[in-house]
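Subject: Structure handover

Hello,

I am passing this structure on to you. Please open it first, then read the notes underneath.

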2 protein chains.
Amino acid sequence: MGVVTQGRGPGPKQDRSRATRKRLLEAAVSCLAEHGWAGSTVSVVAERAGVSRGAAQHHFPTREDLFTAAVEYVAEERSAALRALPDQDRAAVVAALVDLYTGPLFRAALQLWVAASNEEQLRPRVTELEARVGRETHRIAVGLLHADENRPGVRETVQGLLDMARGLGLANVLTDDTARRRRVVAQWAAMVEDALG
Amino acid sequence: MGVVTQGRGPGPKQDRSRATRKRLLEAAVSCLAEHGWAGSTVSVVAERAGVSRGAAQHHFPTREDLFTAAVEYVAEERSAALRALPDQDRAAVVAALVDLYTGPLFRAALQLWVAASNEEQLRPRVTELEARVGRETHRIAVGLLHADENRPGVRETVQGLLDMARGLGLANVLTDDTARRRRVVAQWAAMVEDALG
């Protein structure tokens, strides 16, 4: 196997390193979503991922490195999944966009976001990360909705939709808000349809 | 003065007790907004309010009592301010509603909300509090917007507007999002106007 992969891509050592990194990132996201920032340390994540603390620190020297990388990693996976969505009507696209804000990624990002508001070390990194992820999500949403941003109000319609999705995500953190959310999304999808023309 | 107030309402002792309670609640909200749940204890709040720890515990036996009461207290002040708003056009009402989610109360409530998602002791109390505050805000919004909830879609329009306001509040936690928010609110206020008829 080593022979087959040599010269055709990363060797087994890099593969292992990459797999370790991925395990750490996924464990970090679950940890953040379940225990919040206060309960999330490199040691807890290393144990959860079945990786030594030393190996974890080799990949991510600081706690801030690990958790911002984790949220970024899952945001990228999510963007890839969105880009792969089939072409469908706007109501389905609106529902798919809102769904992004009700899963473990949103919970993890929310924990990091709120922690960053009180921690000076975390704040600039999370601010930069959120701006980047926000721009990318906006770009994907514009494409999926076939929205023409040259028309007045269209850009703000898409932005407001993503703001609403974030607020719906927050409403789903303590309770299962699915039934109410479906009704709200159906109504606002119709309003977005009218506004986008 | 003691003689004047006797029999006509609470005496000076109750007045003092009420003033102490108010100081503690206001200090608790600021503390939560600035330092998050992890940095918010009864001792920190008592010191900030200039009250002894014993007196603070007399009013609020547990940390959970103090902080849920604090968020509820400011939510009630906010509802009273909303109810006192003059009758004005819907665009102004939408802007006033969104403003509720960008101040220190929202920051404090957000910290409590997110902490409750990881702390079993806090969760049922914050869930119940948020449901109560949410219903009250919805009721006030319906009145201010002169929205007729018997018409299909109207209830969900108002709900989605408050969800969007919450999402806009979240977007304002790490950075000053005022300029973007104004543009989004102008566009969505027009969409709400169309939907409410």
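Two residues count as being in contact when heavy atoms of theirs lie within 4.5 Å. Keep that cut-off in mind for the interface below. Also note that this is a predicted model.

Confidence first. Chain A has an average pLDDT of 92. In that chain, 95% of the residues score at least 70. Residues 1–7 of chain A are another matter: their pLDDT is below 50. That stretch makes 4 contacts in the model beyond near neighbours in sequence. Where pLDDT is low, the predicted coordinates should not be read in detail.

Now the fold. Chain A holds 10 helices and 0 strands. Read from the N terminus, its elements run α-α-α-α-α-α-α-α-α-α. The C-alpha trace of chain A spans about 55 × 45 × 30 Å along its principal axes.

Two annotations come from UniProt, both from an unreviewed entry. The record lists "domain: HTH tetR-type" at residues 18–78 of chain A. In the model, that span is 80% helix and 0% strand. Its end C-alpha atoms lie 19 Å apart. The record also places a "DNA-binding region" at residues 41–60 of chain A. Here the chain is 75% helix and 0% strand. The end C-alpha atoms of residues 41–60 are 12 Å apart.

Next, the interface. How many residues does each chain bring to the contact? Chain A gives 39 residues, and chain B gives 39 residues. Between them, the two chains bury about 3400 Å². Of that area, 65% is on carbon and sulfur atoms. Which residues of chain A lose the most area to chain B? They are L170(A), L174(A) and W188(A). Together they account for 21% of what the chain A side buries.

There are polar links as well. Chain A and chain B share 20 residue pairs in polar contact, counting residues at pLDDT 80 or more. Five helices of chain A each supply at least two residues of the side that touches chain B: α2 (12–35), α7 (104–118), α8 (123–144), α9 (154–171) and α10 (178–196). The largest share comes from α9(A), with 12 residues. By class, this side of chain A has 19 nonpolar, 13 polar and 7 charged residues.

Then the salt bridges. Side chains of opposite charge can pair when their charged atoms come close. The count over all chains is 26 salt bridges. Between chain A and chain B the count is 2. D163(A) forms a salt bridge with R180(B). The closest N and O atoms of that pair are 2.9 Å apart. Another salt bridge sits inside chain A, where the side chains of K22(A) and E26(A) meet at 3.6 Å, N to O. Both residues lie in helix α2 of chain A. They are 4 residues apart, about one turn of the helix.

One last residue to look at is in chain B. Where is A195(B) found? It is in helix α10 of chain B, residues 178–196. Leaving out residues up to four places away in sequence, A195(B) touches Q187(A), M191(A), R151(B) and T157(B). A195(B) and G153(B) are 42 residues apart in sequence. In space, C-alpha to C-alpha, A195(B) and G153(B) are 7.9 Å apart.

Best wishes

Technical notes. Residues numbered from 1 in each chain as written. Chains lettered and ligands numbered in written order. Heavy atoms only, no water. Buried area = accessible area lost by both parts, 1.4 Å probe. Salt bridge = Lys/Arg side-chain N within 4 Å of Asp/Glu carboxyl O. Polar contact = N/O pair within 3.5 Å; in protein donor to acceptor, adjacent residues only side chain to side chain. Nonpolar A, V, L, I, M, F, W, Y, C, P; charged D, E, K, R; others polar. UniProt positions renumbered as here; feature names shortened; annotations may be inferred. pLDDT = per-residue confidence, 0-100.
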